[in-house]
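Reader: I have a few questions of the "how do you know" kind. Could you take me through the reasoning behind the labels?

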Amino acid sequence: QVQLVESGGGLVQAGGSLTLSCAASGSIFSINAMGWYRQAPGKQRELVATISRVGTTNYSDSVKGRFAISRDNAKKTVDLHMNSLKPEDTAVYYCNVELRTSWAARWVDYWGQGTQVTVSS
């Protein structure tokens with residue numbers, strides 16, 4: 001069984017900073033890409049940032065230059081450092097990890113439970 005546990009959400013004023021963390025645990029053989037997505041009320045879930053196993057990053061245009069994603073392969077963690085936060089960044093943020101549970105298993109996407117980020121104006 002695989003678990004993704006997120007932490008670090010909360011309420012912050014516009015212009016402030018927050019760091020989200022996600023730790024993967026359980027029956028994990030190998031991890032490929034890791035990332036963060038978000039879903040605001042009434043909107044579809046959207047990509048925020050991803051990072052490959054070797055550290056290649058990808059950001060949505062709306063967060064480029066303000067957010068930074070990082071990972072620790074040994075600890076099986078992925079962090080999202082959010083700076084210069086705006087009210088439109090308010091959403092539930094979800095951790096996503098592509099992994100497999102054995103050498104013969106297929107790659108599967110796992111999701112965290114979500115953590116609320118609220119940015120006040």
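Author: Happily, and let's start with Arg 66 in this predicted model. Arg 66 sits in the loop between strand 6 (57–59) and strand 7.

Reader: Why is Arg 66 called buried or exposed, whichever it is?

Author: The cut-off for buried is under 20% relative accessible area. Arg 66 has 11% relative accessibility, so it counts as buried.

Reader: Which residues does Arg 66 touch, beyond those up to four places away in sequence?

Author: Arg 66 touches His 81, Met 82, Asn 83, Ser 84, Leu 85, Lys 86 and Asp 89.

Reader: What makes the pair of Arg 66 and Ser 84 a polar contact?

Author: A polar atom of the Arg 66 side chain lies 2.9 Å from the backbone oxygen of Ser 84. A polar contact needs a pair of N or O atoms within 3.5 Å, one able to donate a hydrogen and the other to accept it. The 2.9 Å distance is within that limit, so the pair qualifies.

Reader: And how far is Arg 66 from Ser 21?

Author: Their C-alpha atoms are separated by 17 Å, and the two residues are 45 apart along the chain.

Reader: Now the sheet: what is the order of its strands, and how do they pair?

Author: It is an open sheet of four strands in the order 1-3-8-7, with antiparallel pairing.

Reader: What makes strand 1 and strand 7 edge strands?

Author: Strand 1 (2–7) and strand 7 (67–72) each pair on one side only. From one strand to the next, the twist averages 15°.

Reader: How do you know that strand 3 and strand 8 pair?

Author: Two strands pair if DSSP finds at least two bridges between them. Strand 3 (residues 18–26) and strand 8 (residues 77–82) have six bridges, in the antiparallel sense, so they meet that requirement. As for a bridge partner, Cys 22 has Val 78 in strand 8.

Reader: How many helices and strands does the whole chain have?

Author: The chain has zero helices and 11 strands.

Reader: Why is the chain called as compact as a globular protein of its length?

Author: Its radius of gyration is 14 Å, close to the 14 Å that the globule rule gives for 121 residues, so the description fits. The C-alpha trace spans about 50 × 25 × 25 Å along its principal axes.

Reader: What share of the 121 residues is buried?

Author: Buried residues make up 39% of them. The chain exposes about 6,500 Å², with carbon and sulfur atoms supplying 48% of that area.

How values were computed: Residues are numbered from 1 along each chain as its sequence is written. This is a predicted model: local features need pLDDT of at least 70, side-chain atom pairs count only at pLDDT 80 or more; totals for chains, interfaces and linings use all residues. Side-chain values use heavy atoms; hydrogens and water are left out. Helices (H or I, at least four residues) and strands (E, at least two) are DSSP runs, numbered from the N terminus. Axes are lines fitted to C-alpha atoms, for helices over the stretch in contact, and angles run from 0 to 180 degrees between N-to-C directions. The radius of gyration is taken over C-alpha atoms; the globule rule is 2.2 Å times the number of residues to the power 0.38. Buried means under 20% relative accessible area, exposed over 50%, partly exposed in between (1.4 Å probe, protein chains only). Accessible areas come from the Shrake-Rupley method with a 1.4 Å probe; for residues, only the protein chains shown count as cover. Contact means heavy atoms within 4.5 Å.
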